[in-house]
Amino acid sequence: MRIGIVGCAGRMGRMVAQAVAAAEGCAIGAGTEIAGSPALGQDIGELAGIGSCGVRAVAEAARLFADSDTVIDFSSPAATLAHIKLAGETGKALIVGTTGLGAEHDKALAAAAKKAAIVKAANFSVGVNLALLLAEQAARTLDDDYDIEIVEMHHRHKVDAPSGTALSLGEAAAAGRRVALEKKSVRARDGHTGARKRGDIGFATLRGGDVVGDHTVIFAGDGERIEIGHKASSRAVFAQGAVRAALWTKGRQPGLYAMKDVLGFSA
Ligand code: NAD
């Protein structure tokens, strides 16, 4: 399988290049960087620190799709919107890892998934996908006497908050409670907020240093607390998961899939 990498000089793009090179049955087909990037024209393997792979970074997304069987995208919401549309036009599989996506993306994803297999996950690690399942089960088992709070910490460069993974954990907990997250979520607290409302799902965001990604879902009751936590210590787990998802799309019917489909997890 020829894999195309969007943002091949980015933190995740370089990890994906390493994971593609290490995985059996796939090779780097192409890679793009944003117009004006000093990475353009450079060998993608060299950018990833694994030696030359003979494929150079280009700026044209159309070339990326032409030279790949599946495209992996960890870039920015604006770039990802264009790549979702291209997946729909070309029918090529797309793995979406970019976070901070909005309603416009959901609409484009629904349309593109009629023509192409698309796997979208806010987090491609096996551990976080297990934590999603456990958070849903715990929320289903424990009633509103247990207050749900989700705490996340990431490196100082992260631009969106709360993290996509924190929001996915919130969605999982809300699904367990059979409520809509947007009706229950409290994304920030400051000043005289009043007492916590029963059934709210709270979020707290920390930023600093080089933290790859820490998430904890807390179920706080009277006299006890249950915590479901995950700590990523290397971005490699996300890249390996994305490559696993890319290989899984081979021969797959068009549709919008989640990492739990790839891993065979079900609630
Ligand atoms: P980064 O800024 O290091 O890398 C993004 C790269 O994309 C940059 O090199 C940038 O130049 C490039 N880019 C931007 N627009 C482009 C375009 N139009 N064409 C080609 N390249 C373009 O960021 P990062 O830390 O690698 O994170 C990227 C995204 O992935 C973020 O949204 C982050 O939250 C997300 N992420 C998701 C997971 C997951 O498991 N789903 C894990 C880690 C990070």
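The expected span of a helix is 1.5 Å times one less than its number of residues. Keep that rule in mind as we look at this predicted model.

**Helix H7**

Let's try the rule on helix H7, which covers residues 164-177. With 14 residues at 1.5 Å a residue, H7 should span 20 Å, and the end C-alpha atoms are indeed 20 Å apart, so the two values agree.

Is H7 largely enclosed or left open by the rest of the structure? It is largely enclosed, because ten of its 14 residues are buried. Here a residue counts as buried when its relative accessible area is under 20%. Among the buried residues of H7 are Gly164, Leu169, Ala173 and Arg177. The cover over the buried residues includes helices H6 (126-141) and H8 (181-184), along with strands S6 (147-154), S8 (201-207) and S9 (213-220). Just after H7 comes Arg178, which has a positive phi, near 60°.

**The ligand and its surroundings**

Now let's turn to the ligand. A shell of 22 residues surrounds the ligand, and the closest are Arg11, Met12, Glu33, Thr99 and Ala122. By type, the shell holds ten nonpolar, nine polar and three charged residues. Which protein atoms lie 3.4 Å, 3.3 Å and 3.0 Å from ligand atoms? The table shows them.

| Ligand atom | Protein partner | Distance |
|---|---|---|
| nitrogen | Gly7, polar backbone atom | 3.4 Å |
| oxygen | Gly10, polar backbone atom | 3.3 Å |
| oxygen | Lys158, side-chain N or O atom | 3.0 Å |

Taken alone, the ligand exposes 870 Å², and the protein buries 79% of that area.

Technical notes: Residues numbered from 1 in each chain as written. Predicted model: local features only at pLDDT ≥ 70, side-chain atom pairs only at ≥ 80, totals over all residues. Heavy atoms only, no water. Near = heavy atom within 4 Å. Polar contact = N/O pair within 3.5 Å; in protein donor to acceptor, adjacent residues only side chain to side chain. Areas by Shrake-Rupley, 256 points an atom, 1.4 Å probe, with all protein chains shown as cover. Nonpolar A, V, L, I, M, F, W, Y, C, P; charged D, E, K, R; others polar. Helix = DSSP H or I, 4+ residues; strand = E, 2+ residues; numbered from the N terminus. Buried < 20%, exposed > 50% of the residue type's maximum accessible area, 1.4 Å probe, protein only. Contact = heavy atoms within 4.5 Å.
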